[in-house]
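Please open the model in your viewer, with the sequence panel beside it, and follow the stops below in order. At each one there is something to select and something to look for.

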Amino acid sequence: MTTAPNTVDSSEAAVQERIARLEHDFGDLDDPGNPLGAEQFLAADERRELLPAAERLLDAFGLNAEFVPTELGGRLDRLDALARVLRAVFRRDAALGLGYGLTSYLAAVVVWAGGTPRQRRDTADLLLTDGRMACAYPEPPQGNDFLRNRLTALPDGDGYRLSGRKEALNNAARAGALVLFAHTPDGLSAFLAPGPAHPDGQSPRLLPRRPTVGVRGCAIQGLAFDGHRLDAGRLLGPVGGGARLAELVFPLTRSAGLSMALGCADTALRTATAFARSHRSRSRASLHSGRTRTALVNAFADLMVCDCLSLVATRAAHLLPRESRTLGAVAKYLLPTILTETMDDLSIVLGSEAYAAGGSYGIFRKTARDLPMIGLGSAGASASRTAIVAQLLRLPLLAGGGTEEIAGLFRPFDARLPACRPADNEPPPDRDSLLGSLEEAARDAAAGWSGEFAGPLEEAAAVLVAHARALREGCEELAARPAGSPVSPRAYALADRYALLVAGAACLGVWRHRPERGFLADPVWAAMALTRIACRLDKAAGRAPAAGLDRMLVELLHRFDDARSYDLYATAIGR
């Protein structure tokens, strides 16, 4: 076991200062007199628009600078820090987080990875002057039907003629620039094109807006191109290099978006806690009810699991680029599942109030609608599971790794990360560091502890180790199949198990490299988080200790009263 000091360097301090400023400017979400409170966001959602006052706040804050690399005048130098800043936005409104923030980042990161210096400079200038972007990623065969459509770009002199439709893009009408993936005679290619909001652009035809069940404030509509002229200078990367470029940036998008979405789940848990505290002791929804206490604590433990996995997946883009594609896929695949289960459990606490359209608990219903939308896109659950299966097929040939070699993955306040270079994501992994670290971390799980949580820690870790060994045996059988034969359906069950084991290894790593003080130094969170994973792997696994439920509930209520986030950082949120 190694501990990390409770000090932060200037880079981490700057991140914390930006988050504190954003939280302060947004103010208390539950204050009915706050012009940026829940009532105003709910009203904007009913009008199917982003809250104008919130957009002006983000303009003043310069949120787009978070998406621009520091060498181009922005603030982007750590993927985990980007996600943490955006949680403050998603905590209020997922539509605002997507429509103002994440959508532009998803487009810009393609330019950072494959653009020329001039394209990078132009994109940075657009974002730093509060411009928006939109992106039409390629749709893989195993992707979501919601976005299945295509563009073609045929050579025309020294340029191309773009034709086709993309049926559903966020920010389409407001985008000053578009990142488009189109099929050319030389293969899939990427282009940086002027958007409808560009003053000099040859605007594509806007298709009718598509109403959605969640993130209703996002203007999702299509674009139609009818021989749209693109100069050769609009090409991003080499002709035919679009598929490679998309694969390079997926590790930078899959993990970051879901990490941001933890802000939504934080609001849902906070709302359910407020509901439980408002009920008298005889009510089944009160904190005197064992069912309610268990649901709240389980949700808190699940958010800690999700944040450990998010931390590892985002920092892997800097520290383990060759493994970041798999880790990003695990985050994109597993987090929506856990968060959906969490929302279902919390809805039982609220009962009929989970369906309230307004009032004190209306924000819960909105969050429950919004969260599933964040997982949509070309790199959704099916594509992510396919990436995991590919890792399982090569797992028998991969080396492992000790936790000390990858300690930087697990330290949430450590800003000492190398620059993220998307080209480094391309080579296939030569090891599986998370799974390889699992047994060593499990042996060390309860080292130095002889209290009431040493047993639960060891028991949960032992479940993970047993399942990791069974997984390796299953992967050897998969890899031994005859060449050219289809992958067994069992691979998908193994993918589920692998995702949970990676999440468990992430929790063990954060616990092993914990800070010297604070809640992360308390074994209760690790015992509860690992028990939640163990129970998902094996329903016969031991239950969480009663003392752990009580201690976690105390921390949950303390964070509620002190207005702090339900994640690894316990960030002070708007008051």
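Begin by selecting Asn170, which stands opposite Ile220 in strand 7; strands here are DSSP runs of E of at least two residues, helices are DSSP runs of H or I of at least four, and both are numbered from the N terminus. Before going further, note that this is a predicted model, in which local features need pLDDT of at least 70 and side-chain atom pairs count only at pLDDT 80 or more, while totals for chains, interfaces and linings use all residues. Residues are numbered from 1 along each chain as its sequence is written, and side-chain values use heavy atoms, with hydrogens and water left out.

**The strands**

Now select residues 159–170, which form strand 3, together with residues 220–231, which form strand 7: the two run antiparallel and are joined by 10 bridges. Strands are said to pair if DSSP finds at least two bridges between them. Within this pair, Leu162 is the residue to highlight next, and opposite it in strand 7 stands His228.

Add strand 2, residues 151–156, which pairs with strand 3 in the antiparallel sense over 6 bridges. Asp156 stands opposite Gly159 in strand 3, and the hairpin of strand 2 and strand 3 has 2 residues between the strands, with Gly157 taking a positive phi near 65 degrees.

Then turn to strand 6, residues 205–209, which runs antiparallel to strand 7 and is joined to it by 3 bridges. Here Leu206 has Leu223 of strand 7 as its bridge partner. While the strands are on screen, it may help to recall that in a regular strand the side chains alternate between the two faces of the sheet.

From strand 6, follow the chain into the loop that leads to strand 7, where Val215 is found. Its phi is positive, about 40 degrees, although Val215 is not a glycine. Most residues other than glycine have a negative phi. Is Val215 buried or exposed? Val215 counts as buried because its relative accessibility is 2%, where buried means under 20% relative accessible area, exposed over 50%, and partly exposed in between (1.4 Å probe, protein chains only).

**A loop residue**

Next, select Asn34 in the loop between helix 1 (10–26) and helix 2 (38–46). Asn34 has 9% relative accessibility and therefore counts as buried. Its side chain reaches the backbone nitrogen of Leu36 at 2.9 Å. If you leave aside the neighbours within four places in sequence, Asn34 is in contact (heavy atoms within 4.5 Å) with Phe26, Gly27, Asp28, Leu29 and Gln40.

**The helix packing**

Now display helix 9 (residues 321–350) and helix 14 (residues 490–512), whose axes come within 10 Å and cross at roughly 105 degrees. These axes are lines fitted to C-alpha atoms, for helices over the stretch in contact, and the angles run from 0 to 180 degrees between N-to-C directions. Helix 9 and helix 14 are therefore roughly perpendicular to each other, given that angles of 65 to 115 degrees count as roughly perpendicular, those under 35 as roughly parallel, those over 145 as roughly antiparallel and the rest as oblique. Residues making the contact include Thr326 and Tyr333 of helix 9 and Asp496 and Tyr498 of helix 14.

Keep helix 14 and add helix 15 (residues 523–537), which packs with helix 14 at an angle of about 170 degrees, the axes being 10 Å apart. That makes helix 14 roughly antiparallel to helix 15. Among the residues that meet here are Cys507 and Trp511 in helix 14 and Trp525 and Ile533 in helix 15.

Move on to helix 8 (residues 290–319) and helix 16, whose axes come within 9 Å and cross at roughly 75 degrees; helix 8 is therefore roughly perpendicular to helix 16. Select Leu553 in helix 16, which counts as buried at 10% relative accessibility. The C-alpha atoms of Leu553 and Leu296 are separated by 7.7 Å, although the two are 257 residues apart along the chain. Leaving aside neighbours within four places in sequence, Leu553 is in contact with Leu287, Arg293 and Val297.

Finish at Ala563, in the segment after helix 16 (546–562). Ala563 has a positive phi of about 55 degrees although it is not a glycine, and Ala563 is buried, with a relative accessible area of 5%.

Notes. A polar contact is a pair of N or O atoms within 3.5 Å; within protein, one must be able to donate a hydrogen and the other to accept it, and residues adjacent in sequence count only if both atoms are side-chain atoms.
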